[in-house]
Amino acid sequence: MIGQDVKRAAALLKEGALVAIPTETVYGLAANALNAAAVAQIFEAKERPAYDPLIIHTDSIEKIQHLVEEIPDALKKLLEVFSPGPLTFLLRKKPNGISDQVTAGLPTVAVRIPAHPITQELLSLLDFPVAAPSANPFGYISPTRAKHVEDQLGQKVPYILDGGNCDFGLESTIVGLTEDGQIRVFRKGGISIEDIEGIVGPVLVNDVSASNPKAPGMLKSHYAPKTPIYVGQTSKVISGLAGKKIAYIGFNMLNFELPVEDQYLLSMGFDLKEAASNLFAVMRQLDQSKKYDAIVADWFPDQGIGKAINDRLRRASSEFQ
Ligand code: TXA
Ligand code: MG
């Protein structure tokens, strides 16, 4: 059921039930992070493998401090500047705190303070943090509307808290430290590399192609629609797909080789943030319409949140190129 009753959502979480929650990035599938049976339901509902750790959501830096050994200075600075917001931190967890079930046995825990007002209100009613991965079946596109969650997980989630359309529309940026203490971006997302570097100077960045045992969920095939998606070199790709029904995803300019009615431009105003907020909803819409044999997309400008858009396009297309 979809609704806006925060108290009901809080009561369900306290009972150990699942609740889908809106965040400024994507919808999350939340459960009491300290309740093993509740957390097990997250993995079950998403059909998520146990090796893929979950992000903890809470509403204050103090609460984060209770869960971790320490917050290194550089990360503390980022936490203070960008929280609440779409930035997730990998921090060494305290013993006897967040379970190995949540962190897939890793010594670190991923934590963030989401900025959506409804979810902040919800978190303030709870005396425990919630674990929440994106509220989609494992490997599929993340949901950015309550309806997306209902369509795929409605049978498995007793309550979907409706917070409208997600503002950023793609997942949080994940940062942590390397063994030698340098800041590394493990997943590109809502907070740009440029914004981070503006605060702490140059950082290391994980690209999708790098195999990354520290973050097993960053598999290339994540965020994939079922319809094959091809990115870049559109002219060549389109001629190779002769006879197929093709949809086009672009920034603000039409592709002159395809019919106008099959084109989906993500921001007529040339605004990367708007484009990001529309990307998953459009990919999902094209996939679910079953009208198309293939999706063709152009790369976005590789700057700001455009880097995260390109990262998601690359992952979605990687099986086909
Ligand atoms: O914006 C977001 O981050 C959304 C909303 C709901 O908060 N959540 C989200 O969760 O994207 P999920 O589970 O779909 O992606 C979390 C990623 C996974 O790739 C997982 O492997 C990685 O974070 N992760 C979680 N804990 C980790 C850890 N301790 N070390 C390395 N990677 C970790
Ligand atoms: Mg996810």
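## A helix pair and its exposure

In this predicted model, Glu 80 counts as partly exposed, at 48% relative accessibility. Its salt-bridge partner is Lys 76, with the closest N and O atoms 3.9 Å apart. Lys 76 also counts as partly exposed, here at 24% relative accessibility.

Where do Glu 80 and Lys 76 lie? Both sit in helix H4, which covers residues 73-82, and they are 4 residues apart, about one turn of the helix.

## Salt bridges across the chain

Let's widen the view. The count of salt bridges in the model comes to 14. One of these charged contacts joins Lys 156 to Glu 47, with 3.8 Å between the closest N and O atoms. The pair links distant parts of the chain, 109 residues apart. Lys 156 belongs to the loop between helix H7 (146-153) and strand S8 (159-161), while Glu 47 belongs to the loop between helix H2 (36-46) and strand S4 (55-57). Lys 156 is partly exposed, with a relative accessible area of 40%, whereas Glu 47 is exposed at 60%. Glu 47 falls in the exposed class because that class begins over 50% relative accessible area.

Salt bridges also join up into a network, whose members are Glu 171, Asp 311, Arg 312 and Arg 315.

## Lys 273 and its two contacts

Lys 273 is a good residue to look at in the viewer. Its side chain meets that of Asp 167 in a salt bridge, at 3.1 Å from N to O. This pair, too, links distant parts of the chain: Lys 273 is in helix H10 (residues 272-289), and Asp 167 is in the loop between S8 and strand S9 (173-177), 106 residues apart. Both ends are partly exposed, Lys 273 at 33% relative accessibility and Asp 167 at 43%.

Which ring does Lys 273 lie over? Lys 273 sits over the face of Phe 168, at 4.6 Å from the ring centre.

## A cluster of three phenylalanines

Next come the aromatic contacts. The structure holds 3 aromatic pairs. In one of them, the rings of Phe 251 and Phe 270 have centres 4.6 Å apart and planes at 20°, so the pair is stacked. Phe 251 lies in the loop between strand S13 (246-250) and strand S14 (263-265), and Phe 270 in the loop between S14 and H10, so the contact ties together parts that are 19 residues apart in sequence. Phe 251 counts as buried at 10% relative accessibility, but Phe 270 counts as exposed at 53%.

Phe 251 also pairs with Phe 300: the ring centres are 5.3 Å apart and the planes are at 45°, so this pair is tilted. Phe 300 lies in the loop between strand S15 (294-297) and helix H11 (306-317), so its pairing with Phe 251 ties together parts that are 49 residues apart in sequence. Phe 300 is buried, with a relative accessible area of 4%. Phe 251, Phe 270 and Phe 300 form one aromatic cluster.

## The second largest pocket

Phe 251 turns up once more, in a pocket lining. The second largest pocket has a volume of about 200 Å³. It is lined by 14 residues, and those nearest its centre are Tyr 248, Phe 251, Met 253, Leu 254 and Asp 298.

What is the make-up of the lining of the second largest pocket? Its residues divide into 8 nonpolar, 4 polar and 2 charged.

Technical notes
Residues are numbered from 1 along each chain as its sequence is written. Chains are lettered from A and ligands numbered from 1 in the order in which they are written. This is a predicted model: local features need pLDDT of at least 70, side-chain atom pairs count only at pLDDT 80 or more; totals for chains, interfaces and linings use all residues. Side-chain values use heavy atoms; hydrogens and water are left out. On a 1 Å grid over the protein atoms alone, a cavity is a set of points where a 1.4 Å probe fits but cannot get out, and a pocket is an open set with protein on both sides within 12 Å along at least five of seven lines; lining residues have an atom within 4 Å of a point. Grid points are joined across faces, edges and corners, and a volume is the space filled by probe spheres set on the points. Ala, Val, Leu, Ile, Met, Phe, Trp, Tyr, Cys and Pro count as nonpolar, Asp, Glu, Lys and Arg as charged, and the others, Gly among them, as polar. A salt bridge is a side-chain nitrogen of Lys or Arg within 4 Å of a carboxyl oxygen of Asp or Glu. Helices (H or I, at least four residues) and strands (E, at least two) are DSSP runs, numbered from the N terminus. Buried means under 20% relative accessible area, exposed over 50%, partly exposed in between (1.4 Å probe, protein chains only). Rings of Phe, Tyr and Trp (its six-membered ring) pair if their centres lie within 6.5 Å; planes under 30 degrees apart count as stacked, over 60 as edge-to-face and the rest as tilted. A charge sits over a ring if NZ of Lys or CZ of Arg is within 6 Å of the ring centre and within 35 degrees of the ring normal.
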